[in-house]
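Got the viewer open and the mouse in hand? Let's walk through this one stop at a time, picking something to select at each stop.

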Amino acid sequence: VAFVQVEQRAEAPLVVLGWFRTRNVAFPVLSQMLTNFAYMGGFFLIPQVLGDRGLGLSADTIGFLVISRPLAFSLTAPLAAMVTIRVGERVAGVVGALGVVTSMVLWATVGADSTYFFIAVATAFSGIGLGIASPALTSLTANAVDEQDLGVAGAMQQLMTQLGAVLGSAVLVTISASAGPDDLGPFHAAFVVAALVALAGAGAATFVRSTPRDTA
């Protein structure tokens, strides 16, 4: 409360509170925060599921499987940026968030009978989703503020994204605390929660307005 009161009177506020009433700032930031909740929460859970607390795979095998996520992100992001110019940031934000939802849903079904291919695909969907959504929503926020405010807007966006990551890691690890090799149920429950939060992120992305472009 004190922070808001001071910021309302400050000549050069740390955060422009009016941005939270701006559709293309508030909703992209909210969507990224919620999606990153699932993305980074899953980042902490996946090695635990694959390791001694879950399937008991070796460190080399785990590393081979989880590399699919950053690899998928690095391949998807440049291509998604070009597609976003045609379909708009709203579509990219929604589709990207749904990619993370898909990843979490697939991970909620991973068990001892899951193939390496299935695990790699389930992991890759997170990278694909964030690779589609993140560049689009970041650019949308940048286009919604004045040029002199780009630094502050970018910092606020990063802060909220990291807040989502911290909350996701803490909440999902807590939910899965009782999981073990003989009971993956708590892991699955954590991934279901992550999927629901990412789905809320997809819902937030539906409220953004794509940047008008000359289709010619």
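Start by selecting Pro212, which sits in the segment after α8, the helix that covers 185–205. This is a predicted model, so read every stop on the tour with that in mind. Is Pro212 buried or exposed? Color by accessibility and you'll have it: Pro212 has 77% relative accessibility, so it counts as exposed, the cut-off being over 50%.

Keep Pro212 selected and add Ile85. The two are 127 residues apart along the chain, yet a C-alpha to C-alpha distance comes out at 9.7 Å.

Now jump to the other end and pick Val1. You'll find Val1 in the segment before α1, a helix spanning 2–9. With a relative accessibility of 82%, Val1 also counts as exposed. For a second distance, pair Val1 with Ala142: they are 141 residues apart along the chain, and their C-alpha atoms are separated by 27 Å.

Next stop is Arg69, so click your way to helix α4, residues 68–87. What is the nearest side chain of opposite charge to Arg69, and how far away is it? It's Asp60, 18 Å away. Arg69 is buried, and it has no salt bridge. For scale, a salt bridge here would need a side-chain nitrogen within 4 Å of a carboxyl oxygen.

So what does Arg69 touch? Show the neighbours and skip those within four places in sequence. In contact with Arg69 you'll see Tyr39, Gly42 and Phe43, along with Thr123, Ala124, Ser126 and Gly127.

While charges are on your mind, select them across the protein. There are 9 positive and 12 negative side chains, and the centres of the two sets lie 11 Å apart.

Time to zoom out and switch to cartoon. You're looking at eight helices and zero strands. The radius of gyration is 19 Å, close to the 17 Å that the globule rule gives for 216 residues, so the protein is as compact as a globular protein of that length. Turn it along its principal axes and the C-alpha trace spans about 60 × 50 × 25 Å.

Finally, put a surface on. About 10,900 Å² is exposed, with carbon and sulfur atoms supplying 68% of it. Underneath, 45% of the 216 residues count as buried. If you draw the contacts between residues at least 6 apart in sequence, 79% of them join residues at least 24 apart.

Key
Residues are numbered from 1 along each chain as its sequence is written. This is a predicted model: local features need pLDDT of at least 70, side-chain atom pairs count only at pLDDT 80 or more; totals for chains, interfaces and linings use all residues. Side-chain values use heavy atoms; hydrogens and water are left out. Helices (H or I, at least four residues) and strands (E, at least two) are DSSP runs, numbered from the N terminus. Buried means under 20% relative accessible area, exposed over 50%, partly exposed in between (1.4 Å probe, protein chains only). Lys and Arg count as positive and Asp and Glu as negative; His and the chain ends are not counted. Contact means heavy atoms within 4.5 Å. The radius of gyration is taken over C-alpha atoms; the globule rule is 2.2 Å times the number of residues to the power 0.38. Accessible areas come from the Shrake-Rupley method with a 1.4 Å probe; for residues, only the protein chains shown count as cover. The place of a charge is taken as NZ of Lys, CZ of Arg, CG of Asp or CD of Glu.
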